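Colleague: Got a minute to walk me through this one? I'd like to start with the core and then move on to the pocket.

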Amino acid sequence: MKEKSVLARWYGLLVRGATLLQSPVLLALRLYWGWQFFVTGRAHLQNLDKTTRFFQSLHIPSPHLNACIAGGTECVGGLFLLAGLGARLVCLPLIFTMIIAYVTAESDSLKQIFSDPDKFVSATPFLFMLACIIVLAFGPGVFSLDWLIERAVCKKSRGTA
């Protein structure tokens with residue numbers, strides 16, 4: 001019986017220690033992938049003619065408009081993700097953009113999601129999308145503007161300044 005309580009205590013320590021890692025891991029994830037989104041989006045916007053031609057080759061309707069929308073979403077969304085401002089909300093259009101990237105630019109990888117999962121997970125949009133799904137599910141963590149705003153709003157609603 002004593003052995004079980006020692007094991008339970010050790011497991012409790014593991015859980016508490018791992019819980020302490022949540023916000024630093026979410027911060028690292030947001031900083032890295034937010035920056036990657038920003039850099040990618042900025043490159044699409046700075047090379048709009050090239051991006052438009054690429055979108056034309058993928059048969060994306062209104063390629064110039066969609067290149068602007070995709071580049072803007074990645075650029076601005078990346079900055080918001082980096083700061084942790086509206087992080088869960090901004091993940092939605094970023095995920096949508098990555099789904100469109102899969103459907104158009106990585107259609108072979110998408111078609112092989114079950115028959116060749118390695119091809120699916122090694123496609124460029126995968127890690128971008130995974131990072132957004134993680135932030136959408138778990139939030140941006142305490143090292144974010146969202147957390148500071150939520151804390152200020154909760155404090156104000158309780159009547160303390």
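Modeller: Sure. A nonpolar core here is a set of buried Ala, Val, Leu, Ile, Met, Phe, Trp, Tyr and Cys residues joined through side-chain atoms within 4.5 Å. Keep in mind that this is a predicted model.

Colleague: OK, which helix gives the most to the largest nonpolar core?

Modeller: That core has 19 residues, with F37, L81, C91, L94, Y102, C132 and V135 making the most contacts inside it. Helix 1 (2-46), helix 4 (87-104) and helix 7 (124-138) each put in at least two residues. The top contributor, with 7 residues, is helix 4.

Colleague: And which residues is L81 in contact with, leaving aside neighbours within four places in sequence?

Modeller: L81 is among the residues with the most contacts inside the largest core. Contact means heavy atoms within 4.5 Å. With those neighbours left aside, the list for L81 is R30, W33, G34, F37, V90, C91, L94, C132 and V135.

Colleague: Now the largest pocket: which helix gives the most to its lining?

Modeller: The pocket holds about 560 Å³ of space. Helix 1, helix 2 (48-57), helix 3 (63-83), helix 4 and helix 7 each give two or more residues to the lining. The one that gives the most, with 7 residues, is helix 4.

Colleague: How many residues of that lining are charged?

Modeller: The lining has 24 residues, and H44, F55, E74, M98 and A101 lie nearest the pocket's centre. Split by type, 15 are nonpolar and 7 polar, and the charged ones number 2.

Definitions and conventions:
Residues numbered from 1 in each chain as written. Predicted model: local features only at pLDDT ≥ 70, side-chain atom pairs only at ≥ 80, totals over all residues. Heavy atoms only, no water. Buried < 20%, exposed > 50% of the residue type's maximum accessible area, 1.4 Å probe, protein only. Helix = DSSP H or I, 4+ residues; strand = E, 2+ residues; numbered from the N terminus. 1 Å grid on protein atoms, 1.4 Å probe; cavity = no way out; pocket = protein on both sides within 12 Å on 5 of 7 lines; lining within 4 Å. Points joined across faces, edges and corners; volume = space filled by probe spheres on them. Nonpolar A, V, L, I, M, F, W, Y, C, P; charged D, E, K, R; others polar.
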